Amino acid sequence: MTELVAFSLPDLTGQMQNSQQWQGKIRLINFWATWCPPCRQEIPELNRLQQAQSEKNLVVLGIAIDNESDVAAFIKTSAITYPVLLAPNQGMALSQQMGNLLGVIPFSVLVDEQNIMRHVWTGEVTQHDVEQELQALMLPTNNSTK
C-alpha cells in the first residue's frame, strides 16, 4: 500500500489548499477536465456520493486538469458540491504519482483515513463502485446518527 503524496493546489478563489487538511478523512480524489465527456458525465455521481457519504467521513475532491476560466465557467452551469482544485500544468504528473499509469482522465483514487491509497479507477467511476470499496474501509463506529 502506498501513502498519498502531499500536494498543494489553488482553489477557484486562488487560495492554496494543502492536501493534509483532509487527513483523517476518507477521500475520493478525482482528476477531471471540462473538455472530457466521461468526466462531465460522472460529476452527478460524485455529487450524490458526497451527499450520501459526507456524514461518514468521506470527502470528494476534484482536481481539474484545466485552466481556471474554463473550470469557473463550467461550474456556473454545472453544480459541483465538492471542493475543486486547479492543476492545469501539474495535474497529470500528480495523477501519475497516484497510479495513473495510462495517463488518462477521469482517474480517481480512494485514500483512507491513514492517508493510504486503497483503490484506483481509470475511467468513469460510479457512486456504487465507490460505496463498495468504502464498505471495507468504514467501521460501524464511524457512522454518525442524527
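**Exercise 1. Locate Asn-115 in this predicted model and describe its backbone and its accessibility.**

Solution.
Step 1. Asn-115 sits in the loop that links E7 to strand E8 (116–122).
Step 2. The residue is not a glycine, yet its phi is positive, about 75°. Most residues other than glycine have a negative phi.
Step 3. E7 and E8 form a hairpin with four residues between the strands, and the positive phi near 75° of Asn-115 occurs in this hairpin.
Step 4. The relative accessible area of Asn-115 is 7%. The cut-off for buried is under 20%, so Asn-115 is buried.

**Exercise 2. Describe Asn-57 by its loop, its phi and its accessibility.**

Solution.
Step 1. The loop that holds Asn-57 runs between helix H1 (37–53) and strand E5 (58–64).
Step 2. Asn-57 is not a glycine, but has a positive phi of about 75°.
Step 3. Its relative accessibility is 18%, so Asn-57 counts as buried.
Step 4. Leu-58 belongs to strand E5. With 1% relative accessibility, Leu-58 counts as buried.
Step 5. Leu-58 and Arg-40 are 18 residues apart in sequence, and their C-alpha atoms are 21 Å apart in space.

**Exercise 3. Find the cis peptide bond that involves Pro-106, and place Pro-106 in the chain.**

Solution.
Step 1. The bond in question joins Ile-105 and Pro-106, with omega at about 0°. Most peptide bonds are trans.
Step 2. Pro-106 is in the loop between helix H3 (91–97) and strand E7 (107–111).

**Exercise 4. Work out the strand order of the six-stranded sheet and the pairing of E8 with its partners.**

Solution.
Step 1. The sheet is open, its pairing is mixed, and its six strands come in the order E1-E8-E7-E4-E5-E6.
Step 2. Strand E1 (2–3) and strand E6 (84–86) are the edge strands, each pairing on one side only.
Step 3. E1 pairs with E8 in the antiparallel sense over two bridges. In this region Glu-3 is opposite Ile-116 of E8.
Step 4. E7 and E8 also run antiparallel, joined by five bridges. Opposite Trp-121 in E8 is Ser-108, and opposite Met-117 in E8 is Val-111.
Step 5. A helix is added to the picture here: helix H2 (residues 68–77) lies across strand E4 (26–32), E5 and E6. The angle at which H2 runs to E6 is about 160°.

**Exercise 5. List the salt bridges and give the accessibility of each partner.**

Solution.
Step 1. Side chains of opposite charge can pair when their charged atoms come close. With a nitrogen-to-oxygen cut-off of within 4 Å, the count is two salt bridges.
Step 2. One of them joins the side chains of Arg-48 and Glu-45, at 2.8 Å from N to O. The two residues are three apart in helix H1, so about one helical turn separates them.
Step 3. Arg-48 counts as partly exposed at 41% relative accessibility, and Glu-45 is partly exposed with a relative accessible area of 22%.
Step 4. Arg-118 and Asp-112 make a salt bridge through their side chains, at 2.6 Å from N to O.
Step 5. Here Arg-118 is partly exposed, with a relative accessible area of 37%, whereas Asp-112 counts as buried at 3% relative accessibility.

**Exercise 6. Characterise the packing of H1 and helix H4 (residues 127–137).**

Solution.
Step 1. The axes of H1 and H4 are 9 Å apart, and the helices pack at an angle of about 35°.
Step 2. From H1 the contact takes Glu-45, Arg-48, Leu-49, Ala-52 and Gln-53; from H4 it takes Gln-127, His-128, Val-130, Glu-131 and Leu-134.
Step 3. These residues divide into four nonpolar, three polar and three charged.
Step 4. Glu-45 and Arg-48 appear in this list, and their side chains also meet in a salt bridge.

**Exercise 7. Decide how far the coordinates of residues 140–146 can be read.**

Solution.
Step 1. For the chain, the mean pLDDT is 91, and 94% of the residues reach 70 or more.
Step 2. Over residues 140–146, pLDDT stays under 50. The model has six contacts beyond four places in sequence for this stretch.
Step 3. Where pLDDT is low, the predicted coordinates should not be read in detail.

Methods:
Residues numbered from 1 in each chain as written. Predicted model: local features only at pLDDT ≥ 70, side-chain atom pairs only at ≥ 80, totals over all residues. Heavy atoms only, no water. Buried < 20%, exposed > 50% of the residue type's maximum accessible area, 1.4 Å probe, protein only. Pairing = 2+ DSSP bridges. Contact = heavy atoms within 4.5 Å. Axes fitted to C-alpha atoms, helices over the stretch in contact; angles between N-to-C directions. pLDDT = per-residue confidence, 0-100. Nonpolar A, V, L, I, M, F, W, Y, C, P; charged D, E, K, R; others polar.
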